[in-house]
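The following exercises concern salt bridges and backbone angles in a protein chain. Please work through each task before reading its solution.

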Amino acid sequence: MLNDMKKVLDRNPSTNELELKRVANRLMAKQFIYRFDSSDRDTYYLLKEYLPYFTSLFDALGHKMVIDDDYGYAGLIPEFNYRKMKLEETLFLLVARLVYEEDMKNMKSNSDIAYISYEAFLLRYETLTNRERPERNSGFKACMAVLSRFGVIKLRDLRGQDGDSMVEIYPGIMG
């Protein structure tokens, strides 16, 4: 891998080693990055520019790199499951994906992000799984924090701004 990096740097003198390391580290830390997110944009375009290098690098580390230009995301899918998800986390993931697919199909959003209130999400969870909803302040937020670390959702607590708290579901949910 170090020889591959050296070849990339020799062919592209304007790129430096630190920049390539930063891109790889950011993707590994977040798992999914988005072109529309200003903090991820440079990383996304560098991944695209050096796609063969990063594909080979992550393959050697046991990850499949996926890039979807239509939705503007890049992500890493582990080939080996290092961390098992709890049943409730998995169910939340499936509900989030269903909400995302329905919003995109029905064109409810003007962007590639689906939005749903906490309450509506929990109602969908109950309806689809036939299970009781987890406690809003502990179980719900714990499950959502796991999905947030994967880079597929983001929680927006708007209660202090006279609004209902929202779940943002990102295109990486499709990966």
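**Exercise 1.** Determine which elements are linked by the salt bridge of arginine 156 and glutamate 168, and how accessible each partner is.

*Solution.* Step 1: a salt bridge requires a side-chain nitrogen of Lys or Arg within 4 Å of a carboxyl oxygen of Asp or Glu. In this predicted model, the side chains of arginine 156 and glutamate 168 satisfy the rule, with an N to O distance of 2.9 Å. Step 2: arginine 156 belongs to strand 5 (residues 153-156) and glutamate 168 to strand 6 (residues 166-169), so the pair links distant parts of the chain, 12 residues apart. Helices (H or I, at least four residues) and strands (E, at least two) are DSSP runs, numbered from the N terminus. Step 3: buried means under 20% relative accessible area, exposed over 50%, and partly exposed in between (1.4 Å probe, protein chains only). Arginine 156, at 34%, is therefore partly exposed, whereas glutamate 168, at 9%, is buried.

Residues are numbered from 1 along each chain as its sequence is written. Because the model is predicted, local features need pLDDT of at least 70 and side-chain atom pairs count only at pLDDT 80 or more, while totals for chains, interfaces and linings use all residues; side-chain values use heavy atoms, without hydrogens and water.

**Exercise 2.** Locate the salt-bridge partners of arginine 97 and of glutamate 102.

*Solution.* Step 1: arginine 97 meets glutamate 101 in a salt bridge (2.9 Å, N to O). Both residues lie in helix 5 (residues 87-105), 4 residues apart, which is about one turn of the helix. Step 2: glutamate 102 pairs with arginine 124, their closest N and O atoms being 2.9 Å apart. Glutamate 102 is in helix 5 and arginine 124 in helix 6 (residues 118-129), so this salt bridge ties together parts that are 22 residues apart in sequence. Step 3: glutamate 102, with 28% relative accessible area, is partly exposed, and arginine 124, with 24%, is partly exposed as well.

**Exercise 3.** Establish where glutamine 31 and asparagine 130 lie, and whether each is buried or exposed.

*Solution.* Step 1: most residues other than glycine have a negative phi. Glutamine 31, however, has a positive phi near 75°, and asparagine 130 has a positive phi near 60°. Step 2: glutamine 31 is in the loop between helix 2 (17-30) and strand 1 (32-34), while asparagine 130 is in the loop between helix 6 and helix 7 (136-149). Step 3: glutamine 31 is buried at 18% relative accessible area, whereas asparagine 130 is exposed at 74%.
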